[in-house]
Amino acid sequence: MKKSLVLLLAVVLSSCAPKEVLDDITIVKSIGFDLHPKKDHITGTILFPIFINEETFKINHLTATGETAREVALELNEMTAKPIFAGKVNTIMFSQKLAEKGILETIDTLQRDPGIGRAIFLAVTKEDAKKIMTHNFELTNTDGNYFSHMIEQNEHFSNLPRLNFHTFLYAYYHNNMDAVLPYLTLKKNAVKIKGLALFKGDKMVGTVHEQQLLTFKTLIEPTKEGSYQFATRSYRGNLEVLKSKIHYKLFQKPHHHVLLEVNVKGRLNEYTKMDAGDPKVIKSIEKNIEADLEKESMKLIRKFQRLNIDPLGIGENVRARTRAFNQKEWKRDYKDLKISVDYSVEITEAGIAQ
Amino acid sequence: MNFLKSILTAKSAQKGSKETSLDTNILWEETGISDWKTGYIQTLINLERFDQEVLPFLQKNQSLSISEMFQQLPITNKKWCKNPDNQTINELILQGNIALVKRSSKDMIFVPIRKEQSLRQISVPEVEFSVIGPKEGFIEDIDTNLLLIQKRLPTSSLQIDFLEIGTRTKSKVAILYLKDVADEENVNTMKQRLSEIEYDHILDSSYLVQMIEDNKMSIFPQFIDTERPDRVVAALVEGKVAFLTNGSPHGTYGPVSLVEFFAAFDDYFLSWHIASLFRIMRIFAVIFSIFATPLYVAVITYHPELIPDDLMSTLTTSRTDIPFPPVLEALFLELTIELLREAGARLPTKVGQTIGIVGGIVIGTASVDAGLTSNVLLILVALSALASFTTPVYRMSNSIRIVRFPMIILSGIWGLLSVALGLMTILTHLLALTSLGRPYLAPIYPPRIKDWKDSFIRLPFFTQKERPKQLRVKEKEKINWWKKRDIDEFD
């Protein structure tokens, strides 16, 4: 009896949790941050749907300025009829200008908010984020999910590696890794993936071109999707990646040497000559692709070494395989480390024609 | 004051007098034959039989003394009482005996010539109707009900013990079990609990069920009552203890576990695949029925981030015009459904159906149109009401519908946190619950994996080699007909 009384009092005397009833909140779908001309100020833009009836709803946007993301949110809240609710945010965009100055403060505010998921997408935009977000994508962005769906489907079915808020934070807080984000730009009536934005700490230091996306993807993670366009003097073609796996090999003697072995299995999707039925031809195509990929990946790795960043997490992979790993030494030597890549490509089918 | 005193003395006088007087309903009549007198209550006696069987015998043998008469009277089960007191006379006459007295003696002969009550026909069980399988249901007469069971169990190990419960109604209760199967502890517990009942009127077995439950404060029933004699027989054979009450068309048995409440008896008539599917479906329905509306309330009120993007617009627009918070909205709809059910249950069948249709369609659509409830919630509430009716045991399906209400209120207070809290409360309660002292949540906890064969699934009969462990039966194996024999081994 006493126990149940205590339980009853616990329910009655403690008040309700703060309510966020679905129709009484402003459901923010995307947030964009830009650099403001005023010193140390950023501009925040939010996109949120306004529901008219079950079929039709409109996307509205609001912009505010402040020194921190929290301040921007407060400013924005002063303009909306219903309190801002960040739980359904699916994309956060930073303009390149802001990204180059550093996004630590903004990221810090966002990662402290338990309402914001870790599976949402972050991106860097070539133009101002506001320009992209307020652009009138008449039919493509009717529900505020355009940006996130675009990134997501590219990660799942195309060459973009799996990147989201979680991977960003993981790489950002990692000693031997640096973060990357998708790099977007505005085309006439769409947003396009232009490549990857490379980060050093919280500052953007470079990009990866969209043609190098697949190479990057095969170097960073095992994957089951992607397509690779290849060309030589005599033919052109496309390889659809069915399976790709990466292995690390370390050589300590005579000097440090990291070998990245990548196994790619694929299907010939497009080929401008008609002799793909011949195993010898297939072999030569495989050889060509291997050489191409190795050349490109070496280009990428050289670039990373030059920028002294490690978006592939080579340092982490080496640490995991090295007893008594010396952080400082690694940092010092990374720039001049010998890294080589060995691709082995296997074409398992050549389409239903052969 | 004097008036009060007189009442008090009258009362104490009443209490003090132990001498009971003769029932004033008893009719004392002279037969006109020699000096025989009869005493009886007219409504209880088959006078025709008395006139045809007893009176002619008296006429023929006028000279016999009372003891000779007792010996020679060609009627079975008669009683001979030497100088009976008023209480025995009352009792015996109320049981349907006719008292024969010779004026010269104080001894009495009691001749049982009871008027046979015309009984209700054995009819199809209404609540536990099954498409295939037997269609006999219990009726209100305990002797017929016992016949229905004994007919199916012609074995000497079926033990039937009789009790009389109810200080005024003196209801006849029969405890049934198989001597060589049922655990004695179960039997004794059942017997003890039944015989300890002190209540003036027992009109139905439901009275007894509520009085002998292990936890009388629990919302969950701890015995199954069924109107199917075959179900009782199955329970008896399994090693359970059952009882029948005179005047009640239900047999009750225990100990039972939670999963048995979701097993319809038709499951045994259907093939095991289908039966298993139905059982899993029913359990899913129960979970849905308890948690659908609370989860809706919790998510809409506190956790909008859990709603998938594609549902967002539907849910938001369906709620925009509604002035109430989701809790009140949900409670309002749930109460409406309960009202419909209650109205349907109180009205005769034909009117009840109309009420159901009118209420369901008209009130449902009208309340959505009027902007009082959202149509998504309407679907959820209707579905969960429907799901709660899939529970085959009526008592359990009621409990499940009631459990939902505190869950909705809780979910309106603390969201998902309190839904989890409510779930934990229910689970701990179920864990603590026992039926005739046996764990209620078995075979899930304590885990009796062998018993899972006939719990939330039903595997084919050849796998059901053993009786449930939790019943602690004396004979663990069911009959071993599955043992293969060659054709020439048969007689």
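These questions and answers concern the interface between two domains of chain A in a predicted model.

Biologist: Where do domain 1 and domain 2 of chain A lie in the numbering?
Modeller: The domain assignment splits chain A in two. Domain 1 covers 18–209, and domain 2 covers 222–349.

Biologist: How far apart are the C-alpha centres of domain 1 and domain 2 of chain A?
Modeller: The two domains do touch: 18 residues of domain 1 of chain A are in contact with 19 residues of domain 2 of chain A. Their C-alpha centres are separated by 32 Å.

Biologist: What area is buried between domain 1 and domain 2 of chain A, and which residues of domain 1 lose the most?
Modeller: The buried area is about 1400 Å². Carbon and sulfur atoms give 49% of that. On the side of domain 1 of chain A, three residues together make up 36% of what is buried. Those that lose the most are N176(A), D178(A) and L198(A).

Biologist: Which residue forms a salt bridge with E225(A)?
Modeller: The rule finds one salt bridge across this interface. A salt bridge needs a nitrogen to oxygen distance within 4 Å. For E225(A), the closest N and O atoms are 3.2 Å apart, and the partner is R162(A).

Biologist: Which elements give two or more residues to the side of domain 1 of chain A that touches domain 2?
Modeller: Seven residue pairs are in polar contact across the interface, both residues at pLDDT 80 or more. On the side of domain 1 of chain A, the touching residues are seven nonpolar, seven polar and four charged. The elements asked for are helix 6 (146–157), strand 9 (191–200) and strand 10 (203–209) of chain A.

Technical notes. Residues are numbered from 1 along each chain as its sequence is written. Chains are lettered from A and ligands numbered from 1 in the order in which they are written. This is a predicted model: local features need pLDDT of at least 70, side-chain atom pairs count only at pLDDT 80 or more; totals for chains, interfaces and linings use all residues. Side-chain values use heavy atoms; hydrogens and water are left out. Domain bounds come from an automatic or database domain assignment. Contact means heavy atoms within 4.5 Å. Buried area is the accessible area (1.4 Å probe) that two parts lose on being put together, summed over both. A salt bridge is a side-chain nitrogen of Lys or Arg within 4 Å of a carboxyl oxygen of Asp or Glu. A polar contact is a pair of N or O atoms within 3.5 Å; within protein, one must be able to donate a hydrogen and the other to accept it, and residues adjacent in sequence count only if both atoms are side-chain atoms. Helices (H or I, at least four residues) and strands (E, at least two) are DSSP runs, numbered from the N terminus. Ala, Val, Leu, Ile, Met, Phe, Trp, Tyr, Cys and Pro count as nonpolar, Asp, Glu, Lys and Arg as charged, and the others, Gly among them, as polar.
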